[in-house]
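Reader: Please take one part of the chain shown below and examine it closely, then relate it to its surroundings. I would welcome a connected account with every cut-off stated.

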Amino acid sequence: SYASWGVDFIKSDNCATYALDPSVRFGAMRDALKRVNRSILLSIEPFSITPDPAQSVKVSNMARIGEDCGSYGCAVIRADISDKWAPLAQPGYWNDPDTIELSNGLGSKNRAWFGL
């Protein structure tokens, strides 16, 4: 199991959206993690257009605020939309604007991206 392997962080992507409602899929993982004797942070990717506590705060410790972000322009947009997700942040739950791709050839823009 993840706990016996020493896993501290699990990212549950929203792949196979045709299979199950995301809140069911993410809720099942949350429930399984609550049964182990180890704290494991659960990050989800709900692809919600607007903040949805049913798919984020109640089923995970962290949720992406949008789809994959692979450009500086996308990072700027994330900075602009992050404010609507801010009310969901609380102890034990964080909003995730996405990863920073440092090897993407953006040079000095990476510093700005990191700062956002």
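Author: Asp31 has a relative accessible area of 33% and is therefore partly exposed; buried means under 20% relative accessible area, exposed over 50%, and partly exposed in between, with a 1.4 Å probe and protein chains only. The model is predicted, so local features need pLDDT of at least 70 and side-chain atom pairs count only at pLDDT 80 or more, while totals for chains, interfaces and linings use all residues. Residues are numbered from 1 along each chain as its sequence is written, and side-chain values use heavy atoms, with hydrogens and water left out.

Asp31 belongs to helix α1; helices (H or I, at least four residues) and strands (E, at least two) are DSSP runs numbered from the N terminus. The side chain of Asp31 forms a polar contact of 2.8 Å with the side chain of Arg30. A polar contact is a pair of N or O atoms within 3.5 Å; within protein, one must be able to donate a hydrogen and the other to accept it, and residues adjacent in sequence count only if both atoms are side-chain atoms.

From Asp31 one may pass to Ser60: these two residues are 29 apart along the chain, and their C-alpha atoms are separated by 10.0 Å. Ser60 sits in the loop between β2 (41-44) and β3 (62-64). Its relative accessibility is 8%, and Ser60 therefore counts as buried. A polar atom of the Ser60 side chain lies 3.1 Å from the backbone oxygen of Met62. Leaving aside residues up to four places away in sequence, Ser60 touches Leu42, Ile44 and Tyr93, where contact means heavy atoms within 4.5 Å.

These three neighbours lead to the interior. Leu42, Ile44 and Tyr93 are among the 12 residues of the largest nonpolar core, which also includes Ile10, Phe26, Leu33 and Trp85. Two or more residues of this core come from each of α1 (22-34) and β2. Such a core is a set of buried Ala, Val, Leu, Ile, Met, Phe, Trp, Tyr and Cys residues joined through side-chain atoms within 4.5 Å.

Trp85, a member of that core, is also one of the buried residues of α2, together with Cys74, Ala75 and Arg78. Helix α2 covers residues 72-85, and its 14 residues should span 20 Å at 1.5 Å a residue, which agrees with the 20 Å between its end C-alpha atoms; the expected span is 1.5 Å times one less than the number of residues. A kink of about 30 degrees is centred on Ala79, the bend at a residue being the angle between axes fitted to the seven residues ending there and the seven starting there.

Two other residues of α2 may be set beside the buried ones. Ser82, in this helix, has 26% relative accessibility and so counts as partly exposed. Its C-alpha lies 9.7 Å from that of Gly66, 16 residues away in sequence. Lys84, also placed in α2, counts as partly exposed because its relative accessibility is 36%. Between the C-alpha atoms of Lys84 and Ile65 there are 9.5 Å, with 19 residues separating the two in sequence.

For the whole protein, three helices and four strands are assigned, in the order β-α-β-β-α-β-α along the sequence. Of its 116 residues, 30% count as buried. Among contacts between residues at least 6 apart in sequence, 56% join residues at least 24 apart.
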